[in-house]
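Hello,

Here is the structure we talked about handing over. Please have a look at it first; my notes on what turned up follow below.

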Amino acid sequence: MTDQELIWRIAGGSGDGIDSNSRNFAKALMRSGLDVFTHRHYPSRIRGGHTYVEVRATPDEAESRGDGYNFLLALGDSFARNPQEDAYYGNEELKPLSENLDDLREGGIIVYDSGLIEEEQVEQLDLEARAEENGWHVYPIDLRSIAKEHGREIMRNNAGIGVTAALLDMDLSYYEEIMDENWGEEIRDANIAAIRDAYEQAQEFEHTHDLQMPDHEEPDTQQALVSGSDAIAYGALDAGCRFISGYPMTPWTDVFTIMSQNLHKFGGISEQVEDEIAAAALALGASHAGVKAMSGSSGGGFALMSEPLGLAEMTETPVVLIEAMRAGPSTGMPTKPEQGDLEHVLYTSQGDSARVVLAPGNQEECYEQIRLAFEIAYDYQIPAILVYDQKLQGELRNVDADFFDREPNADPGSVISEEEIEEAAEHHAGKFKRFEYEAGSDKENVSPRSVPGQKGGRYLATGNEHNEAGHISEDPTNRVLQMDRRIDKLQSIRGDLDEEGTQTYHGPDDAEYGVMAWGSHQDTVFEAVDRLNENGHSVKAIGVSDLMPYPVEEVSAFLESVEECLVVEMNATAQFRGLTQKEIGRFGPKLSSLLKYNGNPFEPAEIVEGFESSINGEDLASNDMKYVPAAGD
């Protein structure tokens, strides 16, 4: 957090164009030379309900959402169910203003649409007194009338950009350039007229605030504004994925949509089916036929995939699945982030699990790890699961565009040729030994794989335990040999992952204290670690990406090097800490937990508070988090 930082929050109702408007604003700031990071908060409704997006912009690297914000553009909710104060859900029309004041920093700016939010409603908030107490600068303006004058009411979000630009002395050319790219002439001209009208009216305000645009220069390299969903989809395409099947479910839907919009350009196929059982089964069938395939879902939808997932493990059919976590149990809070599905992803299905589970921590890791998931799945004939959450799904940040300039990988993995099949072992029944005990592949415990249509490659693929040719077998010796071979693949995969170096480290090597994270708040933890070290503490962090097989040696080395370690995660039961203690039990007395599960992701300052409270033995000041001490404390 520095003075050279703008955190702009636009708030309204679902349907008021908040998402597209904030994306364009973030892109304009990125093109001007600032690093940007967005955070999106929205309800589980198609229209109406308080929603907001934060855009953090700084000359330095923007690694996470910031602490609070310093500019509020409150449009009001034009789709409110009931604008009355005593309504069951309160005055929804006013919520984009009333529910955002607690997080506004001292000296911040408030712009609200006086065409929708009436003066008597504002008086109910005692806004004038609160503004004086906090040094806020309040600028009411009738955005609704400006928008209607130039076209439609929905354009008031862009009129708000005009006011923002006037108050911050912002160059509007970058934003108008984006409008030129996105819209036809008639719509573009109407919106630009609304923006310029609002800009001119806002110029008449008395500018008493100190907030300005951060210093910036046009970037030397081309930047891309991407979400975790974008990066996963691009990585899957580059990994050679040519089939996806799915059923829409928030927040998985983004990846499914992006893939569906682009697969046909590469000769691929996308199928929306009737439910998640069919989706996973269809992807499994496509993979069996020789195509790199993917499916996915969220929470309850992924639960339905447990049977096809078990089938993939038993038949050793490679497939990549996505699990986009959201707050549960059951339907839970569909549009809020949580990391409560870890144990579900690790262990769901029948019997002992033989799968790989990866959890990227940011957009770059989303791209790299989905490619890695396909490589492992198709080399080792095993299902690979990428787990992330609603936070990483939707937040945007700028990445060097050439980061994605990688060679595509169409390699089908461990499929053997017809010539190799002729030399391969056959069962006395005349079938190919698809599940050979002594694997002849260059990958340990990986048996040779044929695909339908290859001469001499016939075998049975059954969900029952089977012998080398796939025939059902309940022979005890065969069971042990086949089970051990499937499970032991994880040891070989662990060796490959150790060579890749998939964990991420941050902070001084000789630090006294440690912080562990997994998944989407990894970079938030890293920013907090930087602040802690600036405050005189000695702290380092590890972001763990490999959840199965677990990186025992790497994590052990990290924990051995520190006196205490705080495990930060977004769930109520410390699932990642539990996994770590299961895999490396001797470190239980070193591990404490900082948990948050109210539907909002961590801010860096919260992690700083949690760490300092833990080492000082103090209670947390915030009720939004929970501290769980180490075992025995």
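Let me start with a proline. P549 sits in the loop between β18 (546–548) and α20 (552–560). The peptide bond joining M548 to P549 is cis, with omega at about -5 degrees. Bear in mind throughout that this is a predicted model.

There is another cis bond to check. T250 and P251 are joined by a cis peptide bond, and omega there is about 0 degrees. P251 also lies in a loop, between β8 (243–246) and α10 (253–262). I list these bonds because most peptide bonds are trans.

Next, backbone phi. Most residues other than glycine have a negative phi. E316 is not a glycine, yet its phi is positive, about 55 degrees. Its place is the loop between α13 (306–315) and β11 (319–325). E316 is buried, because its relative accessible area of 1% falls under the 20% cut-off. S349 is not a glycine either, and its phi is positive at about 120 degrees. You will find S349 in the loop between α14 (342–347) and β12 (356–358). Its relative accessibility is 18%, so S349 counts as buried.

Now the whole protein. It holds 22 helices and 21 strands. The radius of gyration is 27 Å, and the globule rule gives 26 Å for 633 residues, so the protein is as compact as a globular protein of that length. The C-alpha trace spans about 90 × 60 × 50 Å along its principal axes. Buried residues make up 59% of the 633. Take the contacts between residues at least 6 apart in sequence: 78% of them join residues at least 24 apart. The accessible surface is about 25,300 Å², and carbon and sulfur atoms account for 44% of that. On charge, there are 49 positive and 119 negative, with mean positions 7 Å apart.

Then the aromatics. The whole structure contains 12 aromatic pairs. One of them joins Y139 and F205: the ring centres are 5.2 Å apart and the planes meet at 40 degrees, so this pair is tilted. Y139 belongs to strand β6 (residues 137–141), while F205 is in the loop between α8 (185–203) and β7 (223–227), 66 residues away along the chain. Y139 has 5% relative accessibility and so counts as buried.

Y367 and F403 also pair, and they do so edge-to-face, at 5.9 Å between centres and 65 degrees between planes. Y367 is in helix α15 (residues 363–380). F403 is in the loop between β14 (396–400) and α17 (418–423), 36 residues apart from Y367. Y367 is buried at 0% relative accessible area, and F403 counts as buried at 18%. Both belong to one aromatic cluster with Y234 and F404.

Two more sites to look up. R40 lies in strand β2 (residues 35–41) and counts as partly exposed at 26% relative accessibility. Leaving aside residues up to four places away in sequence, R40 touches D19, Y52, V53 and Q390. From R40 to A202 is 162 residues in sequence and 27 Å in space, C-alpha to C-alpha.

S145 is in helix α5 (residues 143–150). It is partly exposed, with a relative accessible area of 39%. The C-alpha atoms of S145 and L116 are 9.4 Å apart, with their positions 29 residues apart along the chain.

Best wishes

Conventions: Residues are numbered from 1 along each chain as its sequence is written. This is a predicted model: local features need pLDDT of at least 70, side-chain atom pairs count only at pLDDT 80 or more; totals for chains, interfaces and linings use all residues. Side-chain values use heavy atoms; hydrogens and water are left out. Helices (H or I, at least four residues) and strands (E, at least two) are DSSP runs, numbered from the N terminus. The radius of gyration is taken over C-alpha atoms; the globule rule is 2.2 Å times the number of residues to the power 0.38. Buried means under 20% relative accessible area, exposed over 50%, partly exposed in between (1.4 Å probe, protein chains only). Contact means heavy atoms within 4.5 Å. Accessible areas come from the Shrake-Rupley method with a 1.4 Å probe; for residues, only the protein chains shown count as cover. Lys and Arg count as positive and Asp and Glu as negative; His and the chain ends are not counted. The place of a charge is taken as NZ of Lys, CZ of Arg, CG of Asp or CD of Glu. Rings of Phe, Tyr and Trp (its six-membered ring) pair if their centres lie within 6.5 Å; planes under 30 degrees apart count as stacked, over 60 as edge-to-face and the rest as tilted.
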